[in-house]
Amino acid sequence: MLNSSGGIVAQNDDWRTQKEQPIRQTGLAPSNDREAAVLLSTADLQGNRQLTVQVRGVNGGAGIGTVEIYALGASSHSSSELLNISTRGRVGTGDEVLIGGVIAQGSAAQR
């Protein structure tokens, strides 16, 4: 994860190498030890409200990447809201297509 100045806020290649126990305690730990996972608190963000996530393969390899973002413990009074998400990547045809998607949940109307 990068802040708006391009500085590294967090990075991970193997989720069990950093903050394994706190990640397990979320109930959202990856099922595969080789997956990446980052757990950040508002203190870790140091006031950075705009973050960029870059997904890369091992040694620059290509593949399929998924980014999931959870606001753990957030309430309706929390300032921790996801306000914008965008995707960019190389787009081709056949097996080289880029598919972006969003899932909106909740009982209230969503935009």
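**Figure 1. Salt bridge between glutamate 20 and arginine 16 in the predicted model.** The side chains of glutamate 20 and arginine 16 meet with N and O 3.0 Å apart. Glutamate 20 has a relative accessible area of 23%, which makes this residue partly exposed. Arginine 16 is also partly exposed, at 36%. A search of the whole structure finds three salt bridges, and the pair shown here is one of them.

**Figure 2. Salt bridge between aspartate 33 and arginine 16.** The closest N and O atoms of the two side chains are 3.0 Å apart. Aspartate 33 lies in the loop between α1 (20-25) and α2, whereas arginine 16 lies in the segment before α1, so the salt bridge ties together parts that are 17 residues apart in sequence. Aspartate 33 has a relative accessibility of 35% and counts as partly exposed.

**Figure 3. Salt bridge between arginine 24 and glutamate 20 within helix α1.** Nitrogen and oxygen of the two side chains are 3.0 Å apart. Arginine 24 and glutamate 20 are four residues apart in α1, about one turn of the helix. Arginine 24 is partly exposed, with 39% relative accessible area. Through shared partners, the salt bridges join Arg16, Glu20, Arg24 and Asp33 into one network. Within this network, arginine 16 pairs with glutamate 20 and with aspartate 33, while glutamate 20 also pairs with arginine 24.

**Figure 4. Lysine 19 and its backbone angle.** Lysine 19 lies in the segment before α1. Its phi is near 55°, a positive value in a residue other than glycine. Most residues other than glycine have a negative phi. With a relative accessibility of 41%, lysine 19 counts as partly exposed.

**Figure 5. Glutamate 35 and its contacts.** Glutamate 35 is found in the loop between α1 and α2. When neighbours within four places in sequence are left aside, glutamate 35 is in contact with Asn12, Asp13, Asp14, Trp15 and Pro30. One of these residues, aspartate 13, is 22 residues away from glutamate 35 along the chain, yet the two C-alpha atoms are separated by 6.8 Å. Glutamate 35 is partly exposed, with a relative accessible area of 37%.

**Figure 6. Nonpolar patch on the surface.** The patch is formed by Val53, Val55, Val67, Ile69, Ile85 and Val102. Together these residues have about 530 Å² of accessible area. Valine 55, a member of the patch, is found in the segment after α2 (42-45).

**Figure 7. Glycine 73 in relation to glycine 63.** Glycine 73 lies in the segment after α2. Its C-alpha atom is 32 Å from that of glycine 63, a residue 10 positions away in sequence. Glycine 73 has a relative accessibility of 79%; it counts as exposed because this value is over the 50% cut-off.

**Figure 8. Isoleucine 99 in relation to threonine 87.** Isoleucine 99 lies in the segment after α2. Between isoleucine 99 and threonine 87 the C-alpha separation is 9.0 Å, and the two residues are 12 apart along the chain. Isoleucine 99 is exposed, with 74% relative accessible area.

**Figure 9. Overview of the protein chain for orientation among the close-ups.** The chain contains two helices and zero strands. Its C-alpha trace spans about 45 × 35 × 30 Å along the principal axes. Of the 111 residues, 8% count as buried. The accessible surface comes to about 9800 Å², and carbon and sulfur atoms make up 46% of this area. Among contacts with a separation of 6 or more, 38% are between residues 24 or more positions apart. The chain carries 9 positive and 10 negative charges, and the mean positions of the two sets are 6 Å apart.

Methods:
Residues numbered from 1 in each chain as written. Predicted model: local features only at pLDDT ≥ 70, side-chain atom pairs only at ≥ 80, totals over all residues. Heavy atoms only, no water. Patch = residues over 30% accessible without salt bridge, like charges linked within 9 Å, V, L, I, M, F, W, Y side chains within 5 Å. Areas by Shrake-Rupley, 256 points an atom, 1.4 Å probe, with all protein chains shown as cover. Salt bridge = Lys/Arg side-chain N within 4 Å of Asp/Glu carboxyl O. Buried < 20%, exposed > 50% of the residue type's maximum accessible area, 1.4 Å probe, protein only. Contact = heavy atoms within 4.5 Å. Lys, Arg positive; Asp, Glu negative; His and termini not counted. Charge placed at Lys NZ, Arg CZ, Asp CG, Glu CD.
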